[in-house]
Amino acid sequence: MNTATIPALFILAVFLTLNTAQAKDALSAEDRKKAAADTRGHAAQAMTEKRLQSLLQKYNTDGNQQLNWSEFEYHRRKQFDRTDTNRNDWVAVDEYVAEYDTRLQTQLNEAANSELKKVAKHFASIDSNGDKQVSKAEFSAHHQKLFTRWDSNKDGVIDPQDSTPKTAAKQAPRSMLNLPNAQTRKGLLKIFDSNKDDKIDQQWEFNKHTQAKFYTIDANKDGLISWAECLDKHQHELEQAKAKSHFAQIRQTYVRFSALDDNKDSRLTFDEFQISGKRMFNRWDKNQDGVISRADIGS
């Protein structure tokens with residue numbers, strides 16, 4: 001062999017090696033095409049800073065603020081191995097559900113704790129004189145301000161004729177507990193519209209709901225709501241919400257297992273498990289540049 005060709009062959013070998021390494025870091029074009037055409041699972045949502053940071057915290061290993069396919073697949077493999085408790089290289093439905101349930105319980109508890117922080121802040125805002133308890137007058141005044149803010153034409157009814165307040169949230173933050181948010185029109189209707197006519201009458205719906213709510217929270221019937229009474233009431237409601245969400249999520253996990261089990265043999269292989277992994281990665285890589293990063297925010 002001509003010795004002059006050795007450097008050229010060396011360069012070619014390095015080039016091929018680098019390209020092989022890069023290929024592992026990228027989701028293939030064929031996999032992208034299949035993932036994009038697969039309609040199973042949740043619909044795509046916009047990438048946000050919060051969502052990006054959550055993905056990076058969970059999957060990114062080198063701290064470079066972007067996530068490539070090999071990093072994502074590595075953590076997915078670890079998750080699969082954790083799920084495969086008997087180490088037979090396939091996952092049964094009970095293993096699949098149990099692994100998800102462990103993570104779900106943590107997420108539900110975190111969501112409940114987050115809601116309790118909001119309740120504490122809300123209680124302080126209603127307690128106008130700062131005496132650590134809420135009177136009927138304070139409770140009523142707070143809720144009347146809420147009604148007035150939404151009843152823009154001042155006709156005593158909140159309906160589609162009223163313009164949305166500038167202070168209203170455009171969309172309630174997604175919550176695993178699916179609790180209504182009175183800062184959105186949809187949440188307001190869910191709370192106060194008792195006859196489900198897409199309107200809230202001030203006298204017969206809003207005021208009666210407010211009175212009943214005060215009565216049920218005021219456990220000792222002294223005409224005042226203490227923080228302990230407020231906390232006890234909301235903790236009970238949150239436990240109910242957690243139980244309802246837990247059942248719905250676990251039921252959906254069985255559905256998800258069946259959807260991923262492509263050959264319907266009741267065994268989930270890693271390749272089948274990665275059907276959802278490829279779909280997830282492709283969905284969050286909004287600009288299709290091969291990595292999930294800040295460049296995908298807003299899309």
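## Helix α10: mostly covered

Start with α10, which is mostly covered in this predicted model: 11 of its 15 residues are buried. The buried set runs through Phe270, Glu272, Phe273, Gln274, Ile275, Ser276, Gly277, Arg279, Phe281, Asn282 and Trp284. So you'll find charged and polar side chains on that list next to the aromatic ones, since a residue counts as buried when its relative accessible area is under 20%.

How far does α10 reach from its first C-alpha to its last? The answer is 21 Å, close to the 21 Å expected at 1.5 Å a residue. There is still a kink in α10, of about 25°, and serine 276 sits at its centre. Serine 276 is also one of the buried residues of the helix.

## The core that α10 helps build

Phe281 and Trp284 turn up again in the largest nonpolar core, which has 12 residues. The other members are Leu27, Met47, Leu52, Leu55, Leu56, Tyr59, Leu67, Trp69, Phe72 and Ile292.

Which elements give two or more residues to this core? They are α3 (49–59), α4 (69–83) and α10 (270–284). Of these, α3 gives the most, with four residues.

Leucine 55 is a good place to look at how the pieces meet. Setting aside residues up to four places away in sequence, leucine 55 touches Met47, Asn60, Leu67, Trp284 and Ile292. Among those partners, Met47, Leu67, Trp284 and Ile292 are listed as core members too.

## Glutamine 66, beside the core

Glutamine 66 is in the loop between α3 and β1 (67–68). Is glutamine 66 buried or partly exposed? With a relative accessibility of 33%, glutamine 66 counts as partly exposed.

Beyond its neighbours within four places in sequence, glutamine 66 is in contact with Leu56, Asn60, Glu71, Val291, Ile292 and Ser293. Leu56 and Ile292 belong to the largest nonpolar core, and Asn60 is also touched by leucine 55. From glutamine 66 to leucine 55 it's 11 residues in sequence and 9.3 Å in space, C-alpha to C-alpha.

## The second largest pocket

Back to α10 for a moment, this time as part of a pocket wall. The second largest pocket holds about 250 Å³ of space. It is lined by 13 residues, and the closest to its centre are Asp31, Lys34, Gln274, Ile275 and Lys278.

Three elements give two or more residues to this lining: α2 (29–37), α4 and α10. The biggest share comes from α10, with five residues. Gln274 and Ile275 do double duty here, being counted as buried in α10 and listed among the residues closest to the pocket centre.

## Helix α9 and its link to alanine 112

Now for α9 (residues 227–260), the home of histidine 234. Next to it in sequence, glutamine 235 is found in helix α9 as well. The two differ in cover: histidine 234 is buried, with a relative accessible area of 18%, while glutamine 235 is partly exposed at 36%.

Both can be set against alanine 112. Histidine 234 and alanine 112 are 122 residues apart along the chain, yet their C-alpha atoms are separated by 9.7 Å. For glutamine 235 and alanine 112, the figures are 123 residues in sequence and 8.3 Å in space, C-alpha to C-alpha. Histidine 234 also touches Leu116 and Val119, leaving out residues up to four places away in sequence.

## Helix α6

Helix α6 covers residues 136–150, so to speak a stretch of 15 residues. From first C-alpha to last it reaches 21 Å, close to the 21 Å expected at 1.5 Å a residue. Its buried residues are Glu138, Phe139, His143, Leu146, Phe147 and Trp150.

## Two loop residues with positive phi

Two spots are worth a look if you check backbone angles. Lysine 221 has a phi near 55°, a positive value in a residue other than glycine. Lysine 221 is in the loop between α8 (202–217) and β5 (224–226), and is partly exposed, with a relative accessible area of 41%.

Serine 266 has a positive phi too, about 65°, although it is not a glycine. You'll find serine 266 in the loop between α9 and α10.

## The whole chain

Stepping back, the protein chain comes to 10 helices and six strands. Of its 299 residues, 33% count as buried. Among contacts between residues at least 6 apart in sequence, 60% join residues at least 24 apart.

Technical notes
Residues numbered from 1 in each chain as written. Predicted model: local features only at pLDDT ≥ 70, side-chain atom pairs only at ≥ 80, totals over all residues. Heavy atoms only, no water. Core = buried A, V, L, I, M, F, W, Y, C linked by side-chain atoms within 4.5 Å. Buried < 20%, exposed > 50% of the residue type's maximum accessible area, 1.4 Å probe, protein only. Contact = heavy atoms within 4.5 Å. Expected span 1.5 Å × (residues − 1). Bend = angle between axes of the 7 residues up to and from the residue. 1 Å grid on protein atoms, 1.4 Å probe; cavity = no way out; pocket = protein on both sides within 12 Å on 5 of 7 lines; lining within 4 Å. Points joined across faces, edges and corners; volume = space filled by probe spheres on them.
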